[in-house]
Amino acid sequence: MSSQSSRGVWIITALVVLLLILHQDNWFWESDTLVFGFMPIGLFWHACISIGASLTWALATVIAWPLDDDDAVAATETAPTSTEEGA
Amino acid sequence: MFESLDHPGLPQLIIIIIYLGLLLLLGLSSSRLFKGTKEDYQVASHSIGPFLLLMSLFGTTMTAFALVGSSGEAFKEGIGVYGMLASSSGIIHSLCFFIIGVKVWKFARRHKYTTQIEFFRDRLDNDFIGLLLFPILVGLVVPYLLIGVISSGTVVQSLTAGLAPDLFPVLNPAGEPIMAMHGGIPTWLGSLVICVVVLVYVFFGGMRGTAWANTLQTIVFMILGVVTFYVIANRLGGQDSLMENLKVLAGSVPTEKLTRIEMSKTKFFTYLLIPLSVGMFPHLFQHWMTAKSASTFKVPVVCHPLFIMIVWVPCVLVGIWATGDLIPAKPPLPNSPNAILPFLVKTQTGKVLGGLLAAGILAAIMSSLDSQFLCIGTIFTNDVLTHYKGKENVSDTQQVLYTRLFIIAIVAITYALGLLDPKSVFAMGVWCFSGFSALFPIVFAALYWRGLTAAGAICGILAAIASWGYMFYQALQQGLREYVLILPLGGEEYEVMPVVVMLASCLIVMVGVSLVTPKPSDATIKKFFS
């Protein structure tokens, strides 16, 4: 694993730990504030956690993805002959 | 028999039939691409791209609980269920796809594994671990399957209620009709039709049929979830715009449902361990194997948390609105929280949307059932029959045949067990998930720790299952749903989920035994850690 990828793994690890800490939102436990007038703040916060998780994993695909995996497999395997959805 | 299309339950039945017909068509179409090999039948020749992988992984992890259970739990517990079950899954599921899925995919492609047991046998250079894991994995999946089979019959019955009261009466002990189900398609028939439809497209289409069907089903239940939310909000709110409706509905909800005042903070925290089960689900393992490349995992890893949010937030809001004073007093709300969403659809929306929602709920159920049926058929064929008969003695064509025969047997057994209508199976859900979560340290160590030994893994599995069994036995006396551990600390008592002890038992025993038992051979280490 390259040093850049290794640094990426640490950054993603830190972000996941941060998400897990933010997930335990004791500070909004008893708040009945309505965001935008309809969304309970506890629910809004956790919806934001979901978005934050998605952004974290998007970053992981850029800075911490094991890019050599495809090559490693390709060296020992025959490539599939067709692909669903043409992806 | 029916005077018009307006007959109670008829539009719903027609929509369900059309939807099931579409699924059969899709499954049979996918079978035209079948290459006749075991690899193609069990893992679609590793040809699944990012979009299909995203939809099939999401559809498989989201059961009927995502639509019906989420609104029901929110009705009972308030908004806290989203953090407990949904946002935690958004973090942990993708984490499992990222740290477990990609890595096992790489090993599986390199060494030609299709099932978890094949991987563990090779990684630990031990045959017994397969024998040990086989009944545990199958035993934990079967209740999960039963929930789907029983739920599908119940959903079809409740949403076609009124169709044929003379033919399908549902009466209480006093002989009065139970209106929520009276005249609906009986549960045995509904479950049978669902099982046959899933069996047909899994039998003919194998993993490709499953992935295609899962994609359609995921699209269906996601869209219908949002449409249902919109229609119910406008009907219950009674204002001119959606925004105004949302505001008045939120204003009607009691404080305890808008907050987590009644929820234990430690229970909420320890619930974080439950989604780790995804790392050990055998049916997800098999879906991972279908990926065309490691990069195929990127889209599912990124989009999974967002998809959970799109399905869960509207359902949780509908669930808490049902506790407010804008809900009409008549007809009265059902006693079962799981009946809240179907009830609101039936009373607040039209028959067509009711039929579409039935299709959506069935989609969520079937998108999990198909993968589980295929997975168990594959495990029986690969890890028991072919393994002990010898690969050289079973041709590729025979393995496809055996997988199909095992799938028929599993569907038949599950359906027969479902007919017994074991109500307690629903409470088993979280216990099944906890069992898989407890085994998470084994798969993690197998991938990342050179020092894991076969003895360590075996003892870890035994410790997890022993602690699971002990606490399950205690929970049977106290209530499967209510059972929590009490942790006394500093004069206070804290509620902790049993999964904490199960996972800790597995981890401690696995590490301890691995440290004092012979290490794997250099060849094995080199094979997996070079």
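Visitor: By class, what makes up the lining of the largest cavity?
Guide: The lining has six nonpolar residues, four polar ones and no charged ones. Ala, Val, Leu, Ile, Met, Phe, Trp, Tyr, Cys and Pro count as nonpolar, Asp, Glu, Lys and Arg as charged, and the others, Gly among them, as polar. This is a predicted model, where local features need pLDDT of at least 70 and side-chain atom pairs pLDDT 80 or more, while totals for chains, interfaces and linings use all residues; side-chain values use heavy atoms, without hydrogens and water. Residues are numbered from 1 along each chain as written, with chains lettered from A and ligands numbered from 1 in written order.

Visitor: Why is Phe285(B) called a lining residue of the largest cavity?
Guide: A cavity is a set of points on a 1 Å grid over the protein atoms alone where a 1.4 Å probe fits but cannot get out, and a lining residue has an atom within 4 Å of a point. Phe285(B) is listed in that lining, as are Pro282(B) and Gln286(B), so Phe285(B) has an atom within 4 Å of a point of this cavity.

Visitor: Which helix gives the most to this lining?
Guide: Helix 12 of chain B does, with three residues. Helices are DSSP runs (H or I, at least four residues), numbered from the N terminus.

Visitor: What is the volume of the largest cavity?
Guide: About 50 Å³, volume being the space filled by probe spheres set on the points, joined across faces, edges and corners. The second largest cavity has about 40 Å³, and three cavities reach 30 Å³ or more.

Methods: On a 1 Å grid over the protein atoms alone, a cavity is a set of points where a 1.4 Å probe fits but cannot get out, and a pocket is an open set with protein on both sides within 12 Å along at least five of seven lines; lining residues have an atom within 4 Å of a point. Helices (H or I, at least four residues) and strands (E, at least two) are DSSP runs, numbered from the N terminus.
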